[in-house]
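User: I am new to this structure and would like to understand how its labels are earned. Could you take me through some of them, setting each value against its definition?

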Amino acid sequence: MSLDLAIAARLKRTADGLVPAVVQQYDTGEVLMLAWMDDEALHRTLTTGRATYWSRSRGAYWVKGDTSGHVQHVKSAALDCDGDTILLKVDQVGAACHTGDRTCFDAGELTVTRA
């Protein structure tokens, strides 16, 4: 099976066929991570309820939590208005970041200078 043609037609992919996926905790709105999906990863995610991504570094699919136990149970998925970003709302079990942190975005805030 493959990704629903109506969904596939809405996607705007990078030159290498990928779409960024912003991952958010469904009940708190906390932004957990950003990952990449192709049509097959999105299809697997939508049909299994488990977040599946394309690893650019490994050149392979990975289901979040299969090796770490830090599973993402998908509650909803949406495309942005341009079809070039996916928003996954998940129930995160354990850490979302490969470093063991809850979120990939707690490595240090950047200073914002206001004019």
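Analyst: Let us begin with Glu40, which is partly exposed because its relative accessible area is 26%, and the term covers what lies between buried (under 20% relative accessible area) and exposed (over 50%), with a 1.4 Å probe and protein chains only. This is a predicted model, in which local features need pLDDT of at least 70 and side-chain atom pairs count only at pLDDT 80 or more, while totals for chains, interfaces and linings use all residues. Residues are numbered from 1 along each chain as its sequence is written, and side-chain values use heavy atoms, with hydrogens and water left out.

User: What makes the meeting of Glu40 and Arg44 a salt bridge?

Analyst: The term asks for a side-chain nitrogen of Lys or Arg within 4 Å of a carboxyl oxygen of Asp or Glu, and the side chains of Glu40 and Arg44 meet at 2.9 Å, N to O, so the pair qualifies. Arg44, at 30% relative accessibility, is partly exposed.

User: How do you know that Asp39 and Arg13 tie together separate parts of the chain?

Analyst: Asp39 belongs to helix 2 (residues 39-48), whereas Arg13 sits in the loop between helix 1 (5-10) and strand 1 (19-25), so their salt bridge joins parts that are 26 residues apart in sequence. Helices (H or I, at least four residues) and strands (E, at least two) are DSSP runs, numbered from the N terminus. The closest N and O atoms of Asp39 and Arg13 are 2.8 Å apart.

User: Why is the pair of Tyr53 and Trp62 called tilted?

Analyst: Rings of Phe, Tyr and Trp (its six-membered ring) pair if their centres lie within 6.5 Å, and planes under 30 degrees apart count as stacked, over 60 as edge-to-face and the rest as tilted. The ring centres of Tyr53 and Trp62 are 5.0 Å apart and their planes stand at 50°, so this pair is tilted.

User: What makes the pair of Trp54 and Tyr61 edge-to-face?

Analyst: Here the planes stand at 75° and the centres are 4.8 Å apart, so the rings of Trp54 and Tyr61 are edge-to-face.

User: Why does Thr103 count as buried, and where is Phe105 placed, buried or exposed?

Analyst: Thr103 has 9% relative accessibility and therefore counts as buried, whereas Phe105, at 54%, counts as exposed. Thr103 is found in the segment after strand 6 (86-92), and Phe105 also lies in the segment after strand 6.
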